[in-house]
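Me: Please take a close look at one part of this model for me: the salt bridges. Then show me how the rest of the chain is laid out.

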Amino acid sequence: MEFNLSTFVLEIINFLILVWILQRLFYKPLLDVIAKRKQTIDQSLAEAATLQQQAEEQRSLYENRQKLWEQEKQAALTALRQQLETERRTQLDRLNADLDQERQKAKVTLSRQQQEFQQQAEKKALQNGAHFAGLLLQQSAGPELEARLCILLIEHFTSLPEACRLCLQMLGTKKSVPINITSVYPLPAALRLQLEQKLDTLINSHLNFQYHQDAELIAGLRLDIGAWVLNANLQHELMGFAELANEPE
């Protein structure tokens, strides 16, 4: 086979033309497409990086907010616990104060009840004592005891209080003074005489003596001198003893 230069030159020319055609018609558009694709990919990567950065920022913001919310929640729980504890202590103190007050009231009430019970017991004891003493004296009283009480009364006239002496002296301004002498048993003449003489020295007036008997006196005398009454009998003493139960403290 012989080498033909003209054919070789033509082949080279054909190849160059083909390369030029390929470059003009195919390669350059392909490069443009590749460049556009690369630009699109770069843009997509940039957008993805931006989105990722925004996501990271949002995640960081969410984490910060979550931490802040946890702190606020813990602070609120702590404040609530403190408030509940303060309220509990306040209510407990108030309850203790109310209990103390109720205890004091109950103590005062119990003390008052005990005092009233003691007073009632003392009154009952005084009443029973007076009743028992009355029964005993009714059985043991007699003319001898009454005579002794009459003598004590006559002796008592010498030590009368000044107010009583003034009252008796004022009775002496009257023309006649009635004197009622009441006893359980008939008074002996000697005792009557002593009693009348003693009253004559105390009252400077005409005295009108009248004698009566009353078994309820048990023993002793009761003198009614005008509006003035002098008791020296067991009934009056027992009544005074029993009245001690009704006297206010």
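Reply: Let's begin with a word you'll need: a residue is buried under 20% relative accessible area, exposed over 50%, and partly exposed in between (1.4 Å probe, protein chains only). Before going on, note that this is a predicted model, in which local features need pLDDT of at least 70, side-chain atom pairs count only at pLDDT 80 or more, and totals for chains, interfaces and linings use all residues. Residues are numbered from 1 along each chain as its sequence is written, and side-chain values use heavy atoms, with hydrogens and water left out.

Now for the pairs. A salt bridge here is a side-chain nitrogen of Lys or Arg within 4 Å of a carboxyl oxygen of Asp or Glu. Searching the whole structure turns up 8 salt bridges. The background idea is simple: side chains of opposite charge can pair when their charged atoms come close.

Take Arg-88 and Glu-85. Their side chains meet in a salt bridge, 2.6 Å from N to O. Why are they about one helical turn apart? Because Arg-88 and Glu-85 are 3 residues apart in helix 1. Helices (H or I, at least four residues) and strands (E, at least two) are DSSP runs, numbered from the N terminus. As for exposure, Glu-85 has a relative accessible area of 28%, so it is partly exposed. Arg-88 has a relative accessibility of 45%, so it counts as partly exposed too. Elsewhere, salt bridges with shared partners tie Glu-56, Arg-59 and Glu-63 into one network.

Let's zoom in on that network. The side chains of Arg-59 and Glu-63 form a salt bridge of 2.8 Å, N to O. Both residues belong to helix 1, which covers residues 5-140, and they sit 4 residues apart, about one turn of the helix. Arg-59 comes out at 44% relative accessibility, so it counts as partly exposed. Glu-63, at 33% relative accessible area, is partly exposed as well.

Another pair tells a similar story. Glu-70 and Lys-73 join their side chains in a salt bridge, 3.4 Å from N to O. You'll find both in helix 1, 3 residues apart, again about one turn of the helix. Glu-70 is partly exposed at 30%, and Lys-73 counts as partly exposed at 31%. Here's the helix rule to keep in your head: an α-helix has 3.6 residues a turn, so residues three or four places apart point the same way.

OK, now the layout. The protein chain has 5 helices and 4 strands, and reading along the sequence gives the pattern α-α-α-β-α-β-β-β-α. Of its 249 residues, 18% count as buried.

Helix 2 is worth a stop. It runs over residues 143-156, and because each residue adds 1.5 Å, its 14 residues should span 20 Å, which agrees with the 20 Å between its end C-alpha atoms. That expected span is 1.5 Å times one less than the number of residues. Its buried residues are Glu-146, Leu-149, Cys-150, Leu-153 and Ile-154. Looking down the axis of helix 2, these buried residues fall within an arc of 140 degrees, so they line one face of the helix. The arc is that of the directions from the helix axis to the C-beta atoms.

Helix 4 (residues 189-202) can be checked in a similar way: its 14 residues should span 20 Å at 1.5 Å a residue, and its end C-alpha atoms are indeed 20 Å apart. Its buried residues include Leu-191, Leu-195, Leu-199 and Leu-202. Down the axis of helix 4, the buried residues fall within an arc of 65 degrees, so they line one face. The face turned away from that buried side carries the exposed residues Ala-189 and Thr-201.

There's another charged contact to look for: the charged end of Arg-192 sits over the ring of Tyr-211, 4.1 Å from its centre. (That calls for NZ of Lys or CZ of Arg within 6 Å of the ring centre and within 35 degrees of the ring normal.)

Finish at Asn-231, in strand 4 (residues 228-233). Asn-231 is partly exposed, at 25% relative accessible area. Its C-alpha atom is 9.7 Å from that of Leu-217, which is 14 residues away along the chain.
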